[in-house]
Structures are given as structure tokens and as C-alpha cells.
Amino acid sequence: IADYADAQLAAMAPSVAGKEITLALDENFHEGPCLVGIEPASNFVVAEALAPFRDVDQWKAALAPILATLGVNVVQVTSDCGTSILALTENIFKAHHSPDLFHILFGFRRSFAPSLRAVRRALRSALEKAEQEIAVVARMEARWTAMPPQERGRGRPPDFDGRLREQETAFDTAMANLAKLEGHEKTVSEA
């Protein structure tokens with residue numbers, strides 16, 4: 001199999017020599033680090049090598065022979081922001097680094113998670129407060145309605161309907177904002 005792979009690389013080399021490529025690099029962990037390099041436009045697996053470490057020297061040893069055989073020029077690397085891959089990209093390939101989308105979103109989500117939790121707590125608190133106020137207004141209205149007219153006092157009767165509408169609006173607003181927040185969180189987590 002190894003001889004066949006070498007023969008295929010040698011046969012492919014003239015058609016790709018001098019091309020500028022992007023590499024997508026990552027590590028998988030099985031019995032130790034497995035360094036994986038893929039050229040994303042063609043989905044060609046440039047390297048898949050078990051290594052004792054994930055340092056620049058191991059990455060260079062895994063990639064250099066195949067890149068030299070193919071005669072390609074790495075102009076961009078896409079990966080997580082591991083220090084070894086960043087050093088390989090900058091110091092060995094002298095190429096541009098683009099972080100992968102997963103790690104961008106992961107970092108983005110982590111940076112906003114505390115404030116989103118605070119907003120969620122505030123919205124739930126507003127919901128609870130509105131529910132409690134609705135119950136208080138309903139009890140006050142029931143007591144006032146059950147009271148004999150002579151004990152109600154003079155003046156305008158309390159605006160129970162207005163107070164109830166105000167609390168129901170507060171409840172509906174908090175509920176809508178909570179649903180919107182959960183929708184945003186779902187979108188971010190699915191991305």
C-alpha cells in the first residue's frame with residue numbers, strides 16, 4: 001500500500017507542481033496525537049501521522065515529505081489557534097493563518113455566555129415579578145369587590161383593569177424577550 005501511495009504521489013506531482021494551496025490542519029487523539037492535514041479544495045489528505053507530540057517539528061516531519069514530493073506552495077493554513085500550528089504557519093510556511101469557524105464561534109459564545117446568563121436571569125425574574133403582581137392585583141380586586149360599598153372609602157375606585165393590563169404587558173414582553181434570547185442561543189449553538 002505504501003508503495004502504491006508513493007507511486008500515486010509521484011504521478012500526481014507534475015500536475016500540481018507550483019500550485020498555491022490551503023491546508024486545513026487539526027489533531028485527533030487516539031493512542032496519542034494524530035496530525036491531520038487536508039487540502040480542502042480537493043479533499044486530498046496530505047498527511048495523517050501519529051506523533052508523540054504536537055509540536056512544530058512533528059508537524060513539519062508529517063507534512064514536509066509529501067509537500068516536497070508534490071512541489072506545492074502552502075499560502076494559507078486553516079486550523080484552531082494552537083501554538084504549534086500557528087508557529088508552523090508563520091515560521092515554516094510563511095503563510096496566512098485563518099482560524100476555523102468552530103473555534104471562532106466557540107470563542108464568541110464563551111465570551112458572551114456570562115452576559116447572556118445575566119440577561120436570562122433578569123428576564124426570568126421579570127416574569128416571576130409580573131406573575132406575582134398579577135396575582136396581587138387579582139386578590140386586591142377580589143377583596144375590594146367583596147367589601148361593602150360603605151367600607152370602600154370615598155373617591156375614585158382603584159383602576160384594577162389598568163394595573164392588570166400593565167402587569168400582563170410586562171409579562172408578555174419578558175416572555176417574548178426570553179423566547180428571542182433562546183432563539184439566538186439556539187442559532188449560535190447550531191452554527
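**Notes on a predicted model: one sheet and the helices packed on it**

1. The structure holds zero disulfides, and this is a statement about a predicted model. A disulfide is a covalent bond between the sulfur atoms of two cysteines. Two cysteines may be looked at in this connection: Cys34 has a relative accessible area of 8% and is therefore counted as buried, the limit being under 20%, whereas Cys81, with a relative accessible area of 47%, is partly exposed.

2. The sheet is the natural place to begin a tour of the model. Five strands form this open sheet, and reading across it gives the order β3-β2-β1-β4-β5, with mixed pairing. The edge strands, each of which pairs on one side only, are β3, covering residues 44-50, and β5, covering residues 96-99. Direction ignored, neighbouring strands of the sheet are turned by 25° against each other on average.

3. Starting from the β3 edge, a reader may ask in which sense β2 and β3 run, and how many bridges join them. The two strands run antiparallel and are joined by six bridges, and within this pairing Val36 stands opposite Glu48 of β3. The hairpin that β2 and β3 form has four residues between the strands, and it is here that Asn43 takes a positive phi near 70°.

4. Asn43 deserves a closer look on its own account. The residue lies in the loop between β2 and β3, and its positive phi of about 70° is found although Asn43 is not a glycine. Is Asn43 buried or exposed? With a relative accessible area of 58%, it lies over the 50% limit and therefore counts as exposed. As a point of orientation, Asn43 and Asp80 are 37 residues apart along the chain, and their C-alpha atoms are separated by 18 Å.

5. Moving on to β1, one finds that six bridges join this strand to β2 and that the two run antiparallel. Ala24 stands opposite Ile38 of β2 in this pairing. The hairpin of β1 and β2 has three residues between the strands, and Gly32 takes a positive phi near 155° there.

6. On the other side of the sheet the pairing should be read with care. β1 and β4 pair in the parallel sense over five bridges; Ile21 has Val74 as its bridge partner in β4, and Leu23 stands opposite Val77 of the β4 strand. Strand β4, residues 73-79, is in turn joined to β5 by four bridges, and these two strands also run parallel. Two bridge partners in β5 can be named for this pair: His96 is the partner of Gln76, and Pro99 is the partner of Ser79.

7. Two helices can be placed against this sheet. Helix α2, residues 56-70, packs on the sheet and touches β1 (20-29), β2 (33-39), β3 and β4, while its direction makes about 145° with that of β3. Helix α3, residues 83-93, also packs on the sheet, where it touches β1, β4 and β5, and its direction makes about 165° with that of β4.

8. Helix α2 can be examined in some detail. Trp59, Ala62, Leu63, Ile66, Leu67 and Leu70 are buried in α2, and Leu63 is also the site of a kink of about 35°, which lies shortly before the proline Pro65. How does the span of α2 compare with what its 15 residues should give? At 1.5 Å a residue, the expected span is 21 Å, and because the end C-alpha atoms of α2 are 21 Å apart, the two values agree. The helix is followed by Gly71, whose phi is positive, near 70°.

9. A last point concerns Lys94, whose place is in the loop between α3 and β5. Its phi is positive, about 55°, although Lys94 is not a glycine. Its relative accessibility is 64%, which is over 50%, so Lys94 counts as exposed.

Key. Residues numbered from 1 in each chain as written. Predicted model: local features only at pLDDT ≥ 70, side-chain atom pairs only at ≥ 80, totals over all residues. Heavy atoms only, no water. Pairing = 2+ DSSP bridges. Axes fitted to C-alpha atoms, helices over the stretch in contact; angles between N-to-C directions. Contact = heavy atoms within 4.5 Å. Disulfide = S-S within 2.5 Å. Buried < 20%, exposed > 50% of the residue type's maximum accessible area, 1.4 Å probe, protein only. Expected span 1.5 Å × (residues − 1). Bend = angle between axes of the 7 residues up to and from the residue.
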